[in-house]
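Student: I have a structure open and would like to practise reading it with you. Could we go through the reasoning step by step?

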Amino acid sequence: MGSKHVAIFTFPFGTHVAPLLNLVLKLANAAPNCLFSFIGTEKCNAIHFPMPHIPSNVKPYSISDGIPEGHPLADHPIEKLNFFLQTGPDNLHTGIRMAEEDTKKKVTCIIADAFVTSSLTVAQTLNLPWISFWPPTSCSASLYFYVDLIRAAKTRVDFLPGLPNLAVEDIPQEVLFVGEKETVFSRTLTSLGKVLPQAKALVMNFFEELDPPSLVQDMRSKVQSLLYIVPVRFPISSVEDASGCLSWLATKKPNSVIYVSFGTVVTPPPHEIVAMAEALEESGFPFLWSLKDNMRSVLPSGFVERTNMCGRVLPWVPQTQVLAHHSLGVFVTHCGSNSVTEAVCSGVPMICRPFFGDQGVVARVIQDVWNMGMIIQGRCFTKNALLKSFNMILVQEEGSTIRDNALKVKNIVQDAARPQAPSARHFNTLVELISTS
Ligand code: UDP
């Protein structure tokens, strides 16, 4: 046990990093004699490593982001993903060498974000066990086992075990890229169905209890071991409320506030921002809107001043605490995996406006499996569709089923985190895997 050294490969973008790092911190506490080398890029490590709670057996190492020197990055979030993935196994080997030289211990096991598929080649070359970690919402992993069938589907994708009927537009667009449209990233995603079965274990960052049993059963039949570990949430000792939004929320009635956020990557088109502002203003409901500063200029003139009595527009809010606040009534979301996890943990109904990636599939699951939200009519923000959704969820009797289901989901999630629940067993299996390999 004393000689175990786990190399962790993160997909160093957006919100993929935090869930893996949180799992590693939990592992590092459970296996204090084991070393964990967290291999990311300089930028990603700089963001995540000043954080508290880092045990001494976890250390970051930085490898190349693959961006050619002086290359001006296009305003497209996928470009940097392609550059990083293109660096392939060589770059990852560099990380392993750095970690081994520094710790004087050979790496004994690899845990990698599922999107860093070339880490499998590294594991094979070094003859190491390879464990894959899935940060996005777990149900979306199932898609990658059916790429050929999905590509052949004309309009409906209604054959995925456990998933509701999907429209082709719900599918991550990269899955549909063929020929010239293919990118390193799209090829990475479409290879997952062949890559993931080679993992000693596929670790889901979610609640098994919320995935349809036939989906879980189908995925279990395809991989060597499927472990669902509930997303790790470290207790927050003091809540940062620099903007005062939590104390503002405290002045509002229970279940009354609309919270709007599109996460860290999505930039909705200007006409949808305007539609949101008009709907919020006309509805009269209290609202909190996390809106990046660069989008503020799109707001209708005078909107912030006119709605000052009932609303707040801020560039960043402590979202986990906002969603957990008793005054929250509904969350308008792009269905990013962290946002969805935070909303299910707090039992907040959602109005879904998916933009890209697996957000369309997750929105369907929120609406049709958990029945704790609705996809915005027409899949894009219009004033009328928003007003209808706000009323439905916050006021109408019809919305009471959604509100009740959101609370049921919260209870399921709380039960899933109990020490007797399967997640705790799955975590112990993972500790065992890294300790004995
Ligand atoms: N977030 C936050 N404050 C904000 C906006 C977002 O704390 O004002 C956090 C949110 O709690 C979540 C993350 O940013 O943990 C967004 O992650 P998600 O996976 O939902 O979306 P992404 O940014 O990857 O599209």
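Student: How many residues surround the ligand, and which are the closest?

Tutor: Happy to help! Keep in mind that this is a predicted model. In it, 15 residues surround the ligand, and the closest are Thr15, Thr264, Ser290, Ser339 and Glu342.

Student: What makes the pair between Thr15 and the ligand a polar contact?

Tutor: Set the distance against the cut-off: N or O atoms must lie within 3.5 Å. A polar side-chain atom of Thr15 is 2.4 Å from an oxygen atom of the ligand, so this pair qualifies. Try the next two in that way: the side chain of His334 has an N or O atom 2.9 Å from a ligand oxygen, and for Gln319 the distance is 3.3 Å. Both pass the cut-off.

Student: How much of the ligand does the protein bury?

Tutor: The ligand taken alone exposes 540 Å², and the protein buries 89% of that.

Student: Which residue classes make up the shell, and which helix gives the largest share?

Tutor: The shell has 11 polar, three nonpolar and one charged residues. Helix α14 (residues 337-346) supplies the largest share, four residues.

Student: Now the helix pair: why are α11 and α16 called oblique to each other?

Tutor: Helix α11 (residues 270-283) and helix α16 (residues 383-394) pack at about 45°. Roughly parallel would need an angle under 35 degrees, and roughly perpendicular starts at 65, so α11 and α16 are oblique. Their axes are 8 Å apart, and their crossing is right-handed.

Notes:
Residues are numbered from 1 along each chain as its sequence is written. This is a predicted model: local features need pLDDT of at least 70, side-chain atom pairs count only at pLDDT 80 or more; totals for chains, interfaces and linings use all residues. Side-chain values use heavy atoms; hydrogens and water are left out. A residue is near a molecule or strand if one of its heavy atoms lies within 4 Å of it. A polar contact is a pair of N or O atoms within 3.5 Å; within protein, one must be able to donate a hydrogen and the other to accept it, and residues adjacent in sequence count only if both atoms are side-chain atoms. Accessible areas come from the Shrake-Rupley method with a 1.4 Å probe; for residues, only the protein chains shown count as cover. Helices (H or I, at least four residues) and strands (E, at least two) are DSSP runs, numbered from the N terminus. Ala, Val, Leu, Ile, Met, Phe, Trp, Tyr, Cys and Pro count as nonpolar, Asp, Glu, Lys and Arg as charged, and the others, Gly among them, as polar. Axes are lines fitted to C-alpha atoms, for helices over the stretch in contact, and angles run from 0 to 180 degrees between N-to-C directions. Angles under 35 degrees count as roughly parallel, over 145 as roughly antiparallel, 65 to 115 as roughly perpendicular and the rest as oblique. A crossing is left-handed if the near helix is turned anticlockwise from the far one by less than a right angle, and right-handed if clockwise.
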